[in-house]
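Biologist: Could you walk me through the inside of this one? I'd like to hear about cores and cavities.

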Amino acid sequence: MESKLFTPASIGPVTLRNRTIRSAAFEGMCPGNSPSQMLKDYHLSVAEGGVGMTTIAYASVTRNGLSFPRQLWMRPQIIPSLRDITDAIHAAGAKVSIQLGHCGNMSHKSTAGETPVSASGRFNIYSPTPVRGMADDEITAMSRSFGDAVRLARDAGMDCVEIHAGHGYLISQFLSPYTNRRRDRWGGSLDNRMRFMRMCMEEVMKAAGSDMGVVVKTNMRDGFKGGIDIDEGLLIARELEQLGAHALVLSGGFVSKAPMYVMRGEMPIGALTHYMDCWWLKCGVRMFGRMMIPSVPYRECYFLDDAKVFRNELKLPLIYVGGCSSRSSIERVLGEGFEFVQMARALLTMPDFVNRMRDGVEDSGCEHVNYCIGRMYSREMACHKCVADLPRSLRREVEQIKSRQK
């Protein structure tokens, strides 16, 4: 019998040729906040490599939602270039999605064009920057920006959108009691904290209509005391199901508090700082980076135990993400009743991993040293194996991390 892995399945009105999705990992391939040939080439390689759907990652719905200078910003001027990418992916037989979000307090005035906004005003040491809380009219306007971004995605030929409601970005900042300190109708109880999410989803579902798939990335846990834990995470997931989401990506972690809870393993501080242009930030991260970004041990399928709780309680399709870089781990997840599996690092190391699995290959070859993550904050995402001119100091760091994992 053919594996479930290679059978088609649907996300709302969209049918994928198999159960694999390239997850929405930031590529850093959009200089000037616009699509590039490099972005097209990478996603086309994944599509030609057999994936069911590839996700163009982390596009901001507004200018002030940008985290990085090389991040996509949804606006009419970029739609022809995005359409060129989606046409090429479709010709390769894959579907294409785009992740839409707003970084909230995870930005800087130099990138966002203004003082970063969030649910509440609070200095963000990770940027580092002061942050101001949003006014009522700004919150309403922001929810409409999510709908506008979905309409642009439709114009660009996207099959699905993935709304980012996790990882400590703006929607997540309203949901989490760690970042939402408001005492008005937007804060306090979970019902109030979900109000902004509801407004965004109403706009998204209206814009998506009947022919676009809507996926939402949501946290099962924030990953630290004082944030969302699994009980509230499950209530949020149920609310998203009621709001009409076609599928959920079950994740966890908070970029400004528990970043490696998302990705697991060790942050390569050498790679992270090597590519930084800002000298004082580089010095600060070198001195305090290991304290600010503590390691979280990596293991295969690291979110699976929590995700099974959600699988038992929800009826809509669920997309598993987290620690799937081998055929056996993917089969394990699908065997637990999840409809799809998302991968990022595995498809960076080996863009044609899906085709190779069909041919009998077991492992993607990802070594989980996270060089790709350290690099992506300042340059395009790339696996250390694919960087011909990798400096000797960074090669040494890679080997040291690999030895500590044994």
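Modeller: Ask away, but this is a predicted model, where local features need pLDDT of at least 70, side-chain atom pairs count only at pLDDT 80 or more, and totals for chains, interfaces and linings use all residues. Residues are numbered from 1 along each chain as its sequence is written, and side-chain values use heavy atoms, with hydrogens and water left out.

Biologist: Which helix gives the most to the largest nonpolar core?

Modeller: A nonpolar core here is a set of buried Ala, Val, Leu, Ile, Met, Phe, Trp, Tyr and Cys residues joined through side-chain atoms within 4.5 Å, and buried means under 20% relative accessible area with a 1.4 Å probe, protein chains only. The largest such core has 121 residues, and Phe196 is among those with the most contacts inside it. Its top contributor, with 9 residues, is a helix (a DSSP run of H or I, at least four residues, numbered from the N terminus). That helix spans residues 195-208 and is α7.

Biologist: How many residues are in the other core that lies apart from it?

Modeller: Val14, Ile21, Cys160 and Val249 are among its members. The count for that core is 13 residues.

Biologist: And how much space lies in the largest cavity?

Modeller: A cavity is a set of points on a 1 Å grid over the protein atoms alone where a 1.4 Å probe fits but cannot get out. Points are joined across faces, edges and corners, and the volume is the space filled by probe spheres set on them. There are 4 cavities of 30 Å³ or more, and the largest holds about 580 Å³.

Biologist: Which residues lie nearest the centre of the largest cavity?

Modeller: Lining residues have an atom within 4 Å of a point, and this cavity has 34 of them. Nearest the centre are Ala25, His167, Val262, Met263 and Ala344.

Biologist: What about the second largest cavity: which element gives the most to its lining?

Modeller: That cavity holds about 100 Å³. Its lining has 14 residues, with Thr349, Cys366, Cys372, Cys383 and His384 closest to the centre. Two elements give two or more residues, α14 and α16. The most, 3 residues, comes from α14.

Biologist: Last one: is Lys282 buried or exposed?

Modeller: Lys282 sits in helix α11, residues 279-292. Beyond its neighbours within four places in sequence, Lys282 is in contact (heavy atoms within 4.5 Å) with Thr273, His274 and Met276. Its relative accessibility is 18%, so Lys282 counts as buried.

Conventions:
On a 1 Å grid over the protein atoms alone, a cavity is a set of points where a 1.4 Å probe fits but cannot get out, and a pocket is an open set with protein on both sides within 12 Å along at least five of seven lines; lining residues have an atom within 4 Å of a point. Buried means under 20% relative accessible area, exposed over 50%, partly exposed in between (1.4 Å probe, protein chains only).
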